[in-house]
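Thank you all for coming. I would like to take a few minutes to walk through a small number of residues, so please have the sequence and the view ready in front of you.

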Amino acid sequence: MIHYKTSEEVQIIKQGALILGKAHGEVAKYIKEGVKTSFLDKIAEEYIRDNQGVPSFKGYNGFPSSLCISVNEVVVHGFPGNYVLKDGDIISVDCGVFHQGFHSDSAYTYPVGEVSPAVLSLLKATKESLYLGIEKAVFGNRIGDIGNAIQRFVEAKGYTVIRELVGHGIGKSLHEAPEVPNYGKRGSGTPLKSGMVLAIEPMVNLGTKNIVQERDGWTIRTADRKASAHYEHTVAIFEDKTEILTTHKYIEENFNF
C-alpha cells in the first residue's frame with residue numbers, strides 16, 4: 001500500500017532531510033586517506049542526535065550503525081568499523097534521519113585520493129544517472145520511466161545496473177511501497193501521483209551486475225569484486241513539480257571531485 005503525504009508531512013520530511021544533508025556535510029570533511037570508517041559513523045550520529053534527529057539505520061532490523069559505509073566493491077549495507085581509508089578507494093556513505101515521525105534517506109560515493117580514471121568515470125555517470133531518473137519522477141509518469149532513464153544512460157556507457165536492490169517509498173517507515181528499480185520499461189509500473197515520496201538510488205557496477213551477500217547477513221558486494229557506485233536522493237512528487245528534499249550541497253561545499 002502506498003502512503004501519500006500531505007504538503008505538511010512533506011515539509012516535515014524536508015526538515016529532517018536538512019539535518020541529514022548537514023550530517024553528510026560533516027562526514028564529508030573527514031573523507032580522506034588514513035581515516036577509520038567507524039570515526040565517520042561517530043561524526044554522523046553525534047551531529048544527527050545533536051540536531052533533533054535520530055539515525056534511521058541504527059537498530060533497523062538489527063543494523064548496528066548510523067551509516068552504511070560501503071568501500072570499493074561493496075555496493076550497500078557495509079558496516080563502519082576498523083577499516084582505514086586508503087588512496088585509491090571509493091566509499092559510499094548512506095544515511096537516514098528520523099525526525100518528527102518521518103524518515104529521509106540519501107547517499108553519496110566519494111573517491112579517496114587518486115582514483116583510477118575508469119572508477120572516477122563510474123562515479124560521475126552514476127551521479128548523473130540519479131538526476132536523469134529524478135527528471136522522470138514527475139506526476140503522470142510511471143515508476144518504469146525512472147528506472148528506464150537510469151538504465152539506458154549507464155548501460156550506454158558500458159556499466160551494469162543491479163536488479164536485486166532498488167529504491168523505495170519513504171515516510172513514516174524507512175522502506176515503503178512502491179519499489180523504485182533502477183531499470184525498467186518506459187510507461188510501465190505504478191503511476192506517479194501527487195503525495196508520493198520516493199528514495200531514488202542508482203546502484204551501478206563497473207563490471208557484472210551480479211552481487212553476493214556476505215556471511216554477516218548485511219554486506220552486499222559485486223560478484224566480480226569490481227567497483228560499485230551509489231547515489232541517492234529523497235524526492236516528493238506534486239502535480240505541478242517534483243522537489244528534491246535531500247541535499248548534497250553540504251557535501252559538495254566540503255568535498256568536490
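Let me begin with His-77, which in this predicted model is found in the loop between β3 (74-76) and β4 (90-99). With a relative accessible area of 26%, His-77 is partly exposed, and, if we leave aside its neighbours within four places in sequence, it is in contact with Phe-63, Cys-68, Ser-70, Trp-218, Thr-219 and Ile-220.

Where, then, does UniProt place the feature "binding site"? The record, which is an unreviewed entry, puts that feature at His-77 and His-175. Although these positions are spread over 99 residues of sequence, they cluster in space, the largest C-alpha distance being 14.4 Å. Of these residues, both His-77 and His-175 are included in the lining of the largest pocket.

Turning to His-175, you will find it in the loop between β7 (167-169) and β8 (176-180), where it is partly exposed, with a relative accessible area of 42%. Apart from neighbours within four places in sequence, His-175 is in contact with Tyr-60, His-168 and Gly-169, and its side chain is joined to that of Tyr-60 by a polar contact of 2.8 Å.

Finally, please look at Ser-129, whose place is in helix α3 (residues 117-135). Is Ser-129 buried or exposed? Ser-129 counts as buried, because its relative accessibility is 0%. Not counting residues up to four places away in sequence, Ser-129 touches Ile-150, Phe-153, Val-154 and Pro-202, while a polar atom of its side chain lies 2.7 Å from the backbone oxygen of Thr-126.

Note on methods: Residues numbered from 1 in each chain as written. Predicted model: local features only at pLDDT ≥ 70, side-chain atom pairs only at ≥ 80, totals over all residues. Heavy atoms only, no water. Helix = DSSP H or I, 4+ residues; strand = E, 2+ residues; numbered from the N terminus. Buried < 20%, exposed > 50% of the residue type's maximum accessible area, 1.4 Å probe, protein only. Contact = heavy atoms within 4.5 Å. Polar contact = N/O pair within 3.5 Å; in protein donor to acceptor, adjacent residues only side chain to side chain. UniProt positions renumbered as here; feature names shortened; annotations may be inferred. 1 Å grid on protein atoms, 1.4 Å probe; cavity = no way out; pocket = protein on both sides within 12 Å on 5 of 7 lines; lining within 4 Å.
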